[in-house]
Amino acid sequence: MKRVISIALVTALAISLCACGGKTENSPAASNTEKINLTVAYADPEDSVFGKGANAFAEKLEELSGGTITCTMYPNGTLGSIPEVAAMIQQGTCDVSPIVTSSLMDFCPELGVFDLPFLFADYEDANDTINGDVGDYLSSRMAEQNMHVASWMTMGFRETTSNKPINSLTDFNGLRIRTQSNEIHQAIFNALGASATIINFSELYTAMEQGTVDAQENPYVNINSNAYYEVQDYLVETNHVFQLAALLVSDSTYNKLTDEQKGWVDQAAAYAADVEWEATEADNEAAKQACIEAGMTFVEMDHDELLAATESVYDAYKDQYGELLSMME
């Protein structure tokens, strides 16, 4: 009986491996009539901007392929953490995932350039830049890591909330602000005179509620969805970092497709990016208004003044990112 069960398990595993990443049993390159199912994973909820982008990708790909390529969604980190899914994309055990560039620096350190402060004036500026020479160069670097950048997505600008009033640059002095475990983000707020503190995202609400930190920074959608308006009084539009993301397709998956199928994937990814960028801008604006309606006091900062105050951050990283910054003019 044990031998029969073992044989059954091995057979099931072999079948599942053949199905993974659009593989077929007899051919490394699938024909246009074979059914392919792609695994799409992301860390956010289904109604998030990444969820909207992923669903747009799946719907357009199914339409372009005449139903021969479908997608199975794994939202809310159900397939693993962001670093784990990124590794799975590289290894070919996950097919598609939208991942923020700050989480991909282990694969491509140059992506850290997008953490520099006040790099883009607005959404259009960021979109034009990432879909130009800089994006092409970074895509080629990601390809070296078995990751195909099918399109570029975004989470928009990161903003600041605080329990202390912030109306001018001097109000940042001594402000205890939670940042990600990101040395550039820490350098930005330290340059403004604040005291950057690293706290896990899952512990942030409690840290603000208990007064461990005075402030934090996140996109408006995160501020609203996590109800930070319950423990923070001021909503400060700093626009200090514009967060970009890559819609990644594993090269192990992509290279098994025919040229026509690759074209469908890239067209679907371009369409998904358009949907996601529009959703990000609209959702962030809606979240901003929701926070104001919830009682937060809105403050718009002088971004030129903040940029001048953070020039030391550029000085510290000019050797590392100077070439990319020149490409961005």
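Which backbone nitrogen does the side chain of Gln261 reach? In this predicted model, the side chain of Gln261 extends to the backbone nitrogen of Thr258, at 2.9 Å. Gln261 is placed in helix α10. With a relative accessible area of 0%, Gln261 counts as buried, because the cut-off for that class is under 20%.

The protein as a whole comprises twelve helices and nine strands. Of its 329 residues, 49% are buried. Among contacts between residues at least 6 apart in sequence, 75% connect residues at least 24 apart. The accessible surface was computed as about 14,900 Å², and carbon and sulfur atoms account for 48% of that area.

Empty space was examined next. Rolling a probe the size of a water molecule over the atoms reveals where such space is left. The largest pocket encloses about 1,300 Å³. Its lining consists of 49 residues, of which Asp44, Ile82, Val100, Gln180 and Asn222 lie closest to the pocket centre. Two or more lining residues are contributed by each of the helices α2 (49-64), α3 (82-91), α6 (183-191), α8 (220-225), α10 (259-293) and α12 (311-327), and likewise by the strands β3 (96-100) and β4 (147-162). Classified by residue type, the lining of the largest pocket contains 23 nonpolar, 18 polar and eight charged residues.

The second largest pocket has a volume of about 220 Å³. Its lining is formed by Tyr123, Phe157, Glu159, Tyr220, Glu237, Asn239, Glu281, Asn284, Glu285 and Lys288. The elements supplying two or more of these residues are β4, β8 (234-250) and α10. Helix α10 provides the largest share of this lining, with four residues. By class, three residues lining the second largest pocket are nonpolar, two are polar and five are charged.

Helix α10 thus recurs across the features described here. This helix holds the buried residue Gln261, gives two or more residues to the lining of the largest pocket, and contributes the largest share to the lining of the second largest pocket. Strand β4 also gives two or more residues to the lining of the largest pocket and two or more to that of the second largest pocket.

Note on methods: Residues are numbered from 1 along each chain as its sequence is written. This is a predicted model: local features need pLDDT of at least 70, side-chain atom pairs count only at pLDDT 80 or more; totals for chains, interfaces and linings use all residues. Side-chain values use heavy atoms; hydrogens and water are left out. On a 1 Å grid over the protein atoms alone, a cavity is a set of points where a 1.4 Å probe fits but cannot get out, and a pocket is an open set with protein on both sides within 12 Å along at least five of seven lines; lining residues have an atom within 4 Å of a point. Grid points are joined across faces, edges and corners, and a volume is the space filled by probe spheres set on the points. Ala, Val, Leu, Ile, Met, Phe, Trp, Tyr, Cys and Pro count as nonpolar, Asp, Glu, Lys and Arg as charged, and the others, Gly among them, as polar. Buried means under 20% relative accessible area, exposed over 50%, partly exposed in between (1.4 Å probe, protein chains only). Contact means heavy atoms within 4.5 Å. Accessible areas come from the Shrake-Rupley method with a 1.4 Å probe; for residues, only the protein chains shown count as cover. A polar contact is a pair of N or O atoms within 3.5 Å; within protein, one must be able to donate a hydrogen and the other to accept it, and residues adjacent in sequence count only if both atoms are side-chain atoms.
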